[in-house]
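Got your viewer open? Let's take a short walk, picking things to select as we go.

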Amino acid sequence: QVQVAESGGGLVQAGGSLRLSCAASGSTFSSYRMGWFRQAPGKEREFVARISWNGDITYVTDSVKGRFTISRDNAKKTLYLQMNSLKPEDTAVYYCNRASLDGRALGSWGQGTQVTVSS
C-alpha cells in the first residue's frame, strides 16, 4: 500500500503558477502508475493527469493540456504537478493516488491540497 500526503497548494492569481507535491510512504511507490485528481466545489472528483511507474509516459486531460506537467522522483518517493497559466476554473482540492490507465483512482486518498485561483 502507498500512503500519500499532498502539499504545495495556495492562493494564486489567474495566470500564475504553483507546484504541487505528493510525498509517498511505503516501498512500492516506484512500482505504481500515479495520478493527480481534483475536486472543485459542488462537483465530483475528476482525473487530471497520470504518469507511468518510471516516468517515461505521461498523460494529462484536455482541460489542462499545455499548462500542467506531471513528473515524479522515485528516489524521493515524490510525485509532482507543475501548474502554469492557472485559471479560476482550476480552483479545487488536488489529490494524488495510484491511477489506472483509464483514470480511475486505485488506492487510499490523502487529505488533498487546496488550490484557489482568483480572477
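Before the first stop, here is a handy yardstick: the radius of gyration is taken over C-alpha atoms, and the globule rule is 2.2 Å times the number of residues to the power 0.38. Keep in mind, too, that this is a predicted model.

**Stop one: the whole chain.** Select everything. For 119 residues, that rule puts a compact globule near 14 Å, and the chain comes out at 13 Å, which agrees. Turn the chain along its principal axes and its C-alpha atoms fill a box of roughly 40 × 25 × 25 Å.

**Stop two: cartoon view.** How many helices and strands does the chain have? Switch to cartoon and you should find zero helices and 10 strands. Going from the N terminus, the elements read β-β-β-β-β-β-β-β-β-β. Now think about who touches whom: of the contacts in the chain with a separation of 6 or more, 54% are between residues 24 or more positions apart.

**Stop three: the surface.** Turn the surface on. The accessible surface is about 6,100 Å², and carbon and sulfur atoms own 46% of that. Underneath, 43% of the 119 residues are buried. While you're here, colour by charge: there are 14 positive and 9 negative charges, and their mean positions lie 4 Å apart.

**Stop four: the disulfide.** Hide the surface and select cysteine 22 and cysteine 96, which are joined by a disulfide with an S to S distance of 1.9 Å. The pair ties together distant parts of the chain: cysteine 22 sits in strand S3 (residues 18–25) and cysteine 96 in strand S9 (residues 92–98), 74 residues apart. A disulfide, by the way, is a covalent bond between the sulfur atoms of two cysteines. Don't hunt for others, as a search of the whole structure finds one disulfide.

Are these cysteines buried or exposed? Buried means under 20% relative accessible area. Cysteine 22 is at 0%, so it counts as buried, and cysteine 96, at 0%, therefore counts as buried too. Zoom in on the S-S bond: its torsion is about 65°, so the disulfide is right-handed.

**Stop five: alanine 14.** Last, select alanine 14, in the loop between strand S2 (10–13) and S3. Alanine 14 is partly exposed, with a relative accessible area of 41%. Which residues is alanine 14 in contact with, leaving aside its neighbours within four places in sequence? Show Leu86, Pro88, Val117, Ser118 and Ser119 to see them. Try the distance tool on alanine 14 and leucine 86: they are 72 residues apart in sequence, yet 5.3 Å apart in space, C-alpha to C-alpha.

Definitions and conventions:
Residues numbered from 1 in each chain as written. Predicted model: local features only at pLDDT ≥ 70, side-chain atom pairs only at ≥ 80, totals over all residues. Heavy atoms only, no water. Helix = DSSP H or I, 4+ residues; strand = E, 2+ residues; numbered from the N terminus. Buried < 20%, exposed > 50% of the residue type's maximum accessible area, 1.4 Å probe, protein only. Contact = heavy atoms within 4.5 Å. Areas by Shrake-Rupley, 256 points an atom, 1.4 Å probe, with all protein chains shown as cover. Lys, Arg positive; Asp, Glu negative; His and termini not counted. Charge placed at Lys NZ, Arg CZ, Asp CG, Glu CD. Disulfide = S-S within 2.5 Å.
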